[in-house]
Amino acid sequence: MLKFEYVKICKVLGPVEVESIAFQNGFVYIDWDNFYNKYGNMEIKSGYVSIIGKPNSGKSTLLNAFLGEKLSITTNKPQTTRKRIMGILSEENYQIIFLDTPGILRPDYLLQEKMLDYIYQSVKESDILLFLLDISTDPDGSRTLEDEIVKNTLEKSKKKKILIINKVDLANEDKVNHLYAKLDSLKFFDAIIPISALLNFNVDTVVQLILNYLPVHPKFYPDDRLTDENERFFVSEIIREKIFEHFQEEVPYSTEVVIEEFKEREGRKDFIQAAIIVEKESQKPIIIGKQGNAIKELGQVARASIESFLQRPVFLELRVKVREKWRSDPRSLRTFGYTTDEE
Ligand SMILES: Nc1nc2c(ncn2[C@@H]2O[C@H](COP(=O)(O)OP(=O)(O)O)[C@@H](O)[C@H]2O)c(=O)[nH]1
Ligand SMILES: [Mg+2]
């Protein structure tokens, strides 16, 4: 029996799935007819696309819509995404690597400065920028586009810029046309498109637009890769999402989740132990709740969501720890993985 494998066939194509390649006794056999039939005339396009915009404009929802999979956490509260989340969309002849970023906001504390760094770095790394504007909260676009940091970020970058008018399901046609005309008259964006990330309206048109600008380049990742992060990271993100849904005001913003143990066990459920880090002693009883009810409920919904993400049952244990003012403490932030390449 020949063993067929996923191989990097040559520099020009990047990694491709080739039925025409076989390994036997240490030799590689290539059925060139089959190979050329499949790949001879194919032009592969690949590149990086940053999704940027103000908090709550729908960036993470859009990433999930592109991928048809829930990768990035989404909530109705701003500032849930804290790091850069990579999501890879692969088709036979293209690969788009999306970078979901935190919302653009003037930083008040060190954590938010780090979040801004993720945005700048993603912009630098990418070939195309998708800038999201939420029509439901900024119907004429000025609040967003006159924001100092938004302006600097967009004006400094020479990348192709696609402006996305998001949440058109919450507006009427007149409003959309009005905003479209106004943005078009700026002659600043390479393309403008109205969408609803939530209802998956026009999302595939955005992909077609991206393909117009995507460079011809071999794929960067194997076709079956969805992201660059590991399961641990997504488990901690899911728990953070549930904290955002269950607690109010400052509590979710003061919270970080650290996976302390993630063990696969023979014949038993995976064991996951997570620490919920808060900023002050007074926040601890809030997370725990009366007779431990709040944390118990949190654990139940988080576990269900983790299981649906991992597609297997897990045992989840949550505990709460205090790390004074971690959001302003460089050492804590480093420990929690808030680093960008420049450091
Ligand atoms: N009605 C509507 N809501 C949306 C749309 N896109 C996102 N949302 C909602 O807006 C909120 C913020 O979305 P999220 O993706 O977390 O925004 P982010 O902060 O930019 O990543 C969530 O409650 C989403 O369900 C949309 O197209 N229409
Ligand atoms: Mg987000």
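**Entry 1: overall size**

The radius of gyration here is taken over C-alpha atoms, and the globule rule is 2.2 Å times the number of residues to the power 0.38. I applied that rule to this predicted model. With 343 residues, a compact globule would come out near 20 Å. The protein has 22 Å, which agrees. I then looked up the box along the principal axes: the C-alpha atoms fill roughly 70 × 60 × 40 Å.

**Entry 2: inventory**

I counted secondary structure next. The protein has 12 helices and 13 strands. I also looked up the domain assignment. Domain 1 covers 7-39, domain 2 covers 45-213, and domain 3 covers 231-335. Between the C-alpha centres of domain 1 and domain 2 I read 37 Å.

**Entry 3: the sheet of 6 strands**

In which order do the 6 strands of this open sheet lie? I read 6-7-5-8-9-10, with mixed pairing. Strand 6 (85-91) and strand 10 (191-194) are the edges, each pairing on one side only. Ignoring direction, neighbouring strands are turned by 20° against each other on average.

I followed one pair in detail. Strand 8 (residues 128-134) and strand 9 (residues 160-166) run parallel and are joined by 7 bridges. Along this pair, L132 has I164 of strand 9 as its bridge partner.

Then I checked what packs on this sheet. Helix 2 (residues 59-67) does, and it touches strand 5 (45-53), strand 6, strand 7 (94-100), strand 8 and strand 9. The direction of helix 2 makes about 25° with that of strand 6.

**Entry 4: ligand 1**

I listed the shell around ligand 1 and got 22 residues. The closest are G58, K59, S60, T61 and L198. Which element gives the largest share of this shell? Helix 2 does, with 3 residues. So helix 2 turned up twice in my notes: it packs on the sheet, and it contributes to the shell.

By residue class, the shell splits into 14 polar, 5 nonpolar and 3 charged.

**Entry 5: the sheet of 3 strands**

I moved on to another open sheet. Its 3 strands have the order 11-12-13, and the pairing is mixed. Its edges are strand 11 (256-265) and strand 13 (314-322), each of which pairs on one side only. Neighbours in this sheet are turned by 15° against each other on average, direction ignored.

How many bridges link strand 11 and strand 12 (residues 268-278)? I found 8, in the antiparallel sense. One partner that I noted in strand 12 is Q273, which bridges to E261.

Helix 8 (residues 231-246) packs on this sheet. I noted its contacts with strand 11 and strand 12. The direction of helix 8 makes about 130° with that of strand 11.

How values were computed. Residues are numbered from 1 along each chain as its sequence is written. Chains are lettered from A and ligands numbered from 1 in the order in which they are written. This is a predicted model: local features need pLDDT of at least 70, side-chain atom pairs count only at pLDDT 80 or more; totals for chains, interfaces and linings use all residues. Domain bounds come from an automatic or database domain assignment. Two strands pair if DSSP finds at least two bridges between them. Helices (H or I, at least four residues) and strands (E, at least two) are DSSP runs, numbered from the N terminus. Axes are lines fitted to C-alpha atoms, for helices over the stretch in contact, and angles run from 0 to 180 degrees between N-to-C directions. Two residues are in contact if their C-beta atoms, placed from the backbone, lie within 7 Å. A residue is near a molecule or strand if its C-beta atom, placed from the backbone, lies within 6 Å of it. Ala, Val, Leu, Ile, Met, Phe, Trp, Tyr, Cys and Pro count as nonpolar, Asp, Glu, Lys and Arg as charged, and the others, Gly among them, as polar.
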